[in-house]
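Trainee: Please take one part of this model and go through it closely, then show me what lies around it. I would like the reasoning spelled out where a label such as "buried" is used.

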Amino acid sequence: GEQRQLAKAHGRQGVGPQGERPAVGDRKHGFGRAGDGRQVAVADALGWLLGDEGSGFWIGRRVVRAALADLDGRGPATVLTPLLLERLGIPGQTDSGDRGPITGLVRALYADPPVRVADYAGLAFEAVGDVVAARILDAAGAALARTLSAVRSPTVSGPVVLGGGVLGRGGRVADRLAAACGPEEVRAVADGAVGVCVLAVRHAGTLVDADVFGQLTTSLAAVR
């Protein structure tokens, strides 16, 4: 649930109790604020249909729409188009009137569950130097910054921890969000397993101090 997502983002950064923890992944994301080791505020985390602005699905849907707009002339040319066609094994257009690639894309995309659109978010990160891709990623960063602002509190100190499939990639989205954090310390999380363990141990009534945190980290490393 939401608390588990917050813990995953929080735990890898140690045992400090406070701060904002964005967790942004391919199919679900949200922003949480921790206070005294507990989740005290959440924004978004509404799922791909109702929210998740800036998530993998949000980005992937815009990648697909940009490619289709390129193919039928509604939008500018973009490197995302050949990248998407190649990913799905669909030949490119032979001329401007060739709707074969459009038909192929529509059939392939509608054949999968809607959330699979998130699988194409990575293309925006691959299209380095492409104006359309850059705009998508900048818009994702701006959307995430708005969501983060909803949970921030001037009375809460502590780092902003970035984690998940989108922010974990670094680059434009993470940079845009980090810039919105101003002077706040920003940290990145590559793996949330320790955070889940921290939450479980706390729920069992054990104080997670530096020694316990170190033991958890060492134990997980030993079984991987």
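Mentor: I will start with the whole chain, take one short helix as the part to look at closely, and then move outward from there.

The model is a predicted one. Its protein chain contains nine helices and five strands. Read from the N terminus, the order of these elements is α-β-β-β-α-α-α-α-α-β-α-β-α-α. The chain has 224 residues, and 46% of them count as buried. Contacts also reach across the sequence: of those between residues at least 6 apart, 67% join residues at least 24 apart.

The part to look at is helix α3, which covers residues 80-88. Its buried residues are L80, T81, L83, L84 and L85. A general point about helices helps in reading such a list. An α-helix makes a turn every 3.6 residues, so residues three or four places apart point the same way. Which elements do the buried residues of α3 pack against? They pack against α2, α4, α5 (122-126) and α6.

Two residues of this helix can be followed one by one. T81 belongs to α3. T81 has a relative accessibility of 5%, and it counts as buried because that value is under 20%. Leaving aside residues up to four places away in sequence, T81 touches A67, D70 and L71. Helix α2 spans residues 56-72, so you can find these three partners within that range.

L85 is also a residue of α3. Its relative accessibility is 5%, and the cut-off of 20% is therefore enough to call L85 buried. With residues up to four places away again left out, L85 touches I90, P91, G92, P101 and L105. L85 can also be placed relative to V64: their C-alpha atoms are separated by 10.0 Å, and the two residues are 21 apart along the chain. Just after the helix comes G89, with a positive phi of about 70 degrees.

V64 leads to the next feature, since V64 is among the residues that line the largest pocket. That pocket holds about 350 Å³ of space. The full lining is F57, R61, V64, R65, L68, V106, L109, Y110, D112, P113, P114 and V117. The elements giving two or more residues to this lining are α2 and α4 (100-111). Helix α2 contributes the most, with five residues. By type, the lining divides into nine nonpolar residues, three charged ones and no polar ones. Both α2 and α4 were also named above as packing partners of the buried residues of α3.

Another of those packing partners is α6, a helix of 21 residues covering 131-151. From its first C-alpha to its last, α6 reaches 31 Å, close to the 30 Å expected at 1.5 Å a residue. D130 caps its N-terminal end, with a side-chain oxygen 3.2 Å from the backbone nitrogen of V132. Further along α6 is S149. S149 is partly exposed because its relative accessible area of 47% falls between 20% and 50%. A polar atom of the S149 side chain lies 2.5 Å from the backbone oxygen of R146. S149 and A43 are 106 residues apart along the chain, yet their C-alpha atoms are separated by 9.1 Å.

A43 falls within strand β3 (38-44), which brings us to two residues whose backbones deserve a look. Most residues other than glycine have a negative phi. D44, in strand β3, has a phi near 65 degrees, a positive value although D44 is not a glycine. With a relative accessibility of 18%, under the 20% limit, D44 therefore counts as buried. D52 sits in the loop between β3 and α2. D52 is likewise not a glycine, and its phi is positive at about 60 degrees. Its relative accessible area is 0%, so D52 is buried. A polar atom of the D52 side chain lies 3.5 Å from the backbone nitrogen of W48.

To sum up the part you asked about: α3 has five residues named as buried, L80, T81, L83, L84 and L85, and these pack against α2, α4, α5 and α6.

Note on methods
Residues numbered from 1 in each chain as written. Predicted model: local features only at pLDDT ≥ 70, side-chain atom pairs only at ≥ 80, totals over all residues. Heavy atoms only, no water. Helix = DSSP H or I, 4+ residues; strand = E, 2+ residues; numbered from the N terminus. Expected span 1.5 Å × (residues − 1). Polar contact = N/O pair within 3.5 Å; in protein donor to acceptor, adjacent residues only side chain to side chain. Buried < 20%, exposed > 50% of the residue type's maximum accessible area, 1.4 Å probe, protein only. 1 Å grid on protein atoms, 1.4 Å probe; cavity = no way out; pocket = protein on both sides within 12 Å on 5 of 7 lines; lining within 4 Å. Points joined across faces, edges and corners; volume = space filled by probe spheres on them. Nonpolar A, V, L, I, M, F, W, Y, C, P; charged D, E, K, R; others polar. Contact = heavy atoms within 4.5 Å.
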